[in-house]
Amino acid sequence: MIAIENIRKDFPILNRTVNGQPLVYFDNAATSQTPQQVIDVIVDYYQNYNANIHRGVHSLSQEATDKYEEARIKIQKHFNAAKSYEIIFTSGTTHSINLVANGFTSLLQAEDEIIVSALEHHSNIVPWQMLCERTGAILKVIPMTTEGTLDLATYETLLSEKTKLVFCNHVSNALGTINPIEAIITKAHKVGAAVLVDGAQAAPHIKADVQALDVDFYVTSAHKMCGPTGVGMLYGKESWLKKLPPYQGGGEMIAEVTFEKTTYADLPHKFEAGTPNICGGIAFGAAIDYMNQIGFDAIASYEHELLDYATEKLATIDGLRIYGPKETNLKASVISFNIEGVHPYDMGVILDKLGIAVRTGHHCAQPIMDFYCIPGTVRASFAFYNTKAEIDTLVAGVERAANMLR
Ligand code: PMP
């Protein structure tokens, strides 16, 4: 059960007004809001123990190091990684994916094949295209259906002993589709391919168990799950992280440096060159604590209630089409829609005047928009701190805007 009134008190931003109206924040898929408990951790860091980590003998540095490494363990436990050093701190999902893509440059040969899904965010497409340009590897695509799901039968036909890597998001940011990553991983492993799952959209809704999934890489950003921007993580199986070369050179990631030869530090530091986002990492751990305290089962069931409610109400609006799976149990809490004769951008501008924050456009997933032959959609995405009353405000706002614009 979600104690919604108490939860809303944790998020000071929800009390503000926008354009003279109470804020209705439905852009959670772009970034989530931050609870006071996480804000307090950020303030505490800068007020009380701001110091560089891993290399200071003084107390502040040791305190900061301990808290940063505690956060790594919180992330490890949350995603059930076998070892804490299989968690690499990054600046976010995009950084994590680029780190892996860069590492595979030396592991791929021309004519090797890599497979991405048609439902990807640009950050899980472009780095692989760049990898193909560097190596001569070939990119293949798991097609999508009009229902906004992946065509697994075609996926099977794409797999062969040439396949070296498969990439898929756990939840699509543009449509909310929950992808069958278990099946995708099992089938890829049968041909010896490694799998990277982009968990950016899944992380606020689903607690992924990387060992149970047997996934090779799992990545996410803290800001999607009540943490700050500019920090995220890469989970990689130890065997893979040992095989991949470092991404960036610099301080922290070395064992020994001479002008003749440098040797690299052990995991995880091999991938963590330079001063990291120390405060961000610690706050990421606090965000995970916060969400777990509410509980992912409670979050999922409450958000589904919101999703069902909003789907039903929006569907009553004349000319409104929702993209993505019709069955809401195949989705996380995203509704991507358009109204016949209304440009999504115009809808977004009017909703903003009413204090309602939604995202409009291609959602960094242009291939999905091309598939539907549309310039973009209006995307309302819900979090556990949203309410049915806010959905009523959205539905009334969409109706009003549609009447003005048609
Ligand atoms: N993948 C997905 C599915 C996303 O939703 C996002 C963020 N919109 C990203 C990747 C990129 O995340 P970031 O910008 O935090 O690196």
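Take residues 24-394 for a start: the C-alpha atoms at the two ends of this span sit 8 Å apart, and the span is 38% helix and 18% strand. Keep in mind that this is a predicted model. The span itself comes from UniProt, where an unreviewed entry annotates residues 24-394 as "domain: Aminotransferase class V".

**Two domains**

The domain assignment cuts the chain into two pieces. Domain 1 is made from two stretches, 4-27 and 296-405, while domain 2 is 51-292. Measure from centre to centre over C-alpha atoms and you get 29 Å between domain 1 and domain 2.

So how many residues of domain 1 touch domain 2? There are 21 of them, in contact with 24 residues of domain 2. On the domain 1 side, the elements giving two or more residues are α11, β14 and α13. The biggest share comes from α11, with 4 residues. By class, that side of domain 1 has 14 nonpolar, 4 polar and 3 charged residues.

**The sheet and its helix**

Now for a sheet you can trace strand by strand. Which strands make it up, and in what order? It is an open sheet of 4 strands, running β13-β14-β17-β16, with antiparallel pairing. At the edges are β13 (320-323) and β16 (359-361), each with a partner on one side only. Going from one strand to the next, the twist averages 30°.

One pairing is worth a look up close. β16 and β17 run antiparallel and are joined by 3 bridges. If you want a spot to zoom in on, G361 stands opposite T377 of β17.

Here are the residue ranges of the helices and strands mentioned so far:

| Element | Residues |
|---|---|
| α11 | 296-314 |
| β13 | 320-323 |
| β14 | 334-339 |
| β16 | 359-361 |
| α13 | 366-372 |
| β17 | 377-381 |

Back to α11, which gave the largest share of the domain 1 side touching domain 2. This helix also lies across β13, β14 and β17, and runs at about 10° to β14. β14 likewise turns up in both places: it is on the list of elements that give two or more residues to the side touching domain 2, and it sits between β13 and β17 in the sheet order.

**Around the ligand**

Which residues come nearest to the ligand? Of the 14 around it, those are G92, T94, H121, N173 and S221. What is the mix of classes in this shell? It has 10 polar residues, 3 nonpolar and 1 charged.

How values were computed
Residues are numbered from 1 along each chain as its sequence is written. This is a predicted model: local features need pLDDT of at least 70, side-chain atom pairs count only at pLDDT 80 or more; totals for chains, interfaces and linings use all residues. Domain bounds come from an automatic or database domain assignment. Two residues are in contact if their C-beta atoms, placed from the backbone, lie within 7 Å. Ala, Val, Leu, Ile, Met, Phe, Trp, Tyr, Cys and Pro count as nonpolar, Asp, Glu, Lys and Arg as charged, and the others, Gly among them, as polar. Two strands pair if DSSP finds at least two bridges between them. Axes are lines fitted to C-alpha atoms, for helices over the stretch in contact, and angles run from 0 to 180 degrees between N-to-C directions. A residue is near a molecule or strand if its C-beta atom, placed from the backbone, lies within 6 Å of it. UniProt positions are given in the numbering used here, feature names are shortened, and annotations may be inferred rather than shown by experiment.
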